Amino acid sequence: MRSKTLKIGVLASGSGTNLQSIIDRIEEGTLQAEIACVISNNVGAFALERARRHNIPSVYLDHRLFSGRSAYDAALVETLLDHQVELVVLAGFMRILTPVIIDAFPMKIMNIHPALLPAFPGLHAQKQALDYGVKIAGCTVHFVDAGTDTGPIIIQAAVPVQEDDTEETLSARIQVEEHRIYPEAVRLFVEGRLRTDGRRVIVSGQPEYTSNSFANPSALYSLGDT
Ligand code: GRF
């Protein structure tokens, strides 16, 4: 267990509800970390406002002022290092990262994706899941590598897909889980409990396995009773 408070940098382009879930866990004392800065490429991102409300340094970096992705990412790295960031948390950051930032923070960048990877990477994951007809959807926290949503998986959570789901209702159900597992993944990192072995993320100090699997439709579980 480390004694120094680990500094996190959050990159967000939108409303920042995942950012909020991390802020809440820190403020309630169940996550020993400090958000050193929130950076956005979108001046109107509510994530920036959330940062201001919690006295977290917020930085707007307009990507249009840079010659290309690498130049922008170099500015991101500089800002993150200025704030002594040790873990980068992507929370709805709508930009593809280049090796400039990935190599600067190897296995120290996390992302959350609203699907059970490797299914449905990329944009509109919830719609992809609905269109495909899966019965179980969910979300994934993973380390970021050079691919799109391909890095080693840290935590996943599953939710049932209901017959009358729209993209909005399914997204809302998934987001409840996002807000549980993202701060949890950050906590595991902060506590030094994550180690990678190739693609696999090994989590130390896990409780004993207890069966908590579920099926959807859940009626499958009562078949033996009839
Ligand atoms: C979430 O759905 C997350 O899975 C995806 O972007 C969205 C961000 O939402 N990567 P918010 O800004 O945290 O509310």
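Reader: Which backbone nitrogen does the side chain of Asp-165 reach?
Author: This is a predicted model. In it, Asp-165 is found in the loop between β7 (153-160) and α6. From that loop, at 2.8 Å, the side chain of Asp-165 reaches the backbone nitrogen of Gln-162.

Reader: Which residue's side chain is joined to that of Asp-165 by a polar contact?
Author: The side chain of Asp-165 also takes part in a polar contact of 2.7 Å. The partner is the side chain of Thr-169.

Reader: Is Asp-165 buried or exposed?
Author: Leaving aside residues up to four places away in sequence, Asp-165 touches Leu-130, Pro-160, Leu-170 and Arg-173. Its relative accessible area is 12%. Buried means under 20%, so Asp-165 is buried.

Reader: Where does the largest nonpolar core lie with respect to domain 1 (1-106) and domain 2 (111-226)?
Author: This core has 41 residues, and those with the most contacts inside it are Met-110, Ile-154, Val-186 and Leu-194. Its largest share, 9 residues, comes from helix α6 (residues 167-190). Because domain 1 and domain 2 both give residues to the core, it lies between them.

Reader: Which residues does Val-186 touch, not counting those up to four places away in sequence?
Author: Val-186 is one of the residues with the most contacts inside the largest nonpolar core. With its neighbours up to four places away in sequence left out, Val-186 touches Ile-8, Ile-22, Leu-31, Leu-87, Val-89 and Met-110.

Reader: How many residues make up the second core?
Author: The second core is separate, and it includes Ala-36, Leu-80, Val-85 and Ile-102. Its residue count is 21.

Reader: What share of the ligand's exposed area does the protein bury?
Author: The residues around the ligand include Ser-15, Thr-17, Asn-18, His-113 and Glu-178. A nitrogen atom of the ligand is 2.8 Å from a polar backbone atom of Ile-112, and an oxygen atom of the ligand lies 2.8 Å from a backbone N or O atom of Gly-16. Taken alone, the ligand exposes 360 Å², and the buried share of that is 83%.

Reader: How far is an oxygen atom of the ligand from an N or O atom in the side chain of Gln-175?
Author: Gln-175 is among the residues around the ligand. Here the protein atom belongs to the side chain, and its distance from the ligand oxygen is 3.4 Å.

Reader: What is the omega of the peptide bond from Leu-117 to Pro-118?
Author: Pro-118 lies in the loop between β5 (109-113) and α5 (125-132). The bond from Leu-117 is cis, with omega near 10°.

Reader: Which residue precedes Pro-217 at a cis peptide bond?
Author: Pro-217 lies in the segment after β9 (200-203). The cis bond leading to Pro-217 has omega near 5°, and the residue before it is Asn-216.

Reader: Is Phe-120 buried or exposed?
Author: Phe-120 is found in the loop between β5 and α5. Its phi is near 60°, a positive value in a residue other than glycine. The relative accessibility of Phe-120 is 15%, so this residue counts as buried.

Reader: What is the relative accessibility of Asp-149?
Author: Asp-149 lies in the loop between β6 (136-143) and β7, and its phi is a positive value near 60°. Asp-149 counts as buried because its relative accessibility is 14%.

Key
Residues numbered from 1 in each chain as written. Predicted model: local features only at pLDDT ≥ 70, side-chain atom pairs only at ≥ 80, totals over all residues. Heavy atoms only, no water. Core = buried A, V, L, I, M, F, W, Y, C linked by side-chain atoms within 4.5 Å. Buried < 20%, exposed > 50% of the residue type's maximum accessible area, 1.4 Å probe, protein only. Helix = DSSP H or I, 4+ residues; strand = E, 2+ residues; numbered from the N terminus. Domains from an automatic or database assignment. Contact = heavy atoms within 4.5 Å. Near = heavy atom within 4 Å. Polar contact = N/O pair within 3.5 Å; in protein donor to acceptor, adjacent residues only side chain to side chain. Areas by Shrake-Rupley, 256 points an atom, 1.4 Å probe, with all protein chains shown as cover.
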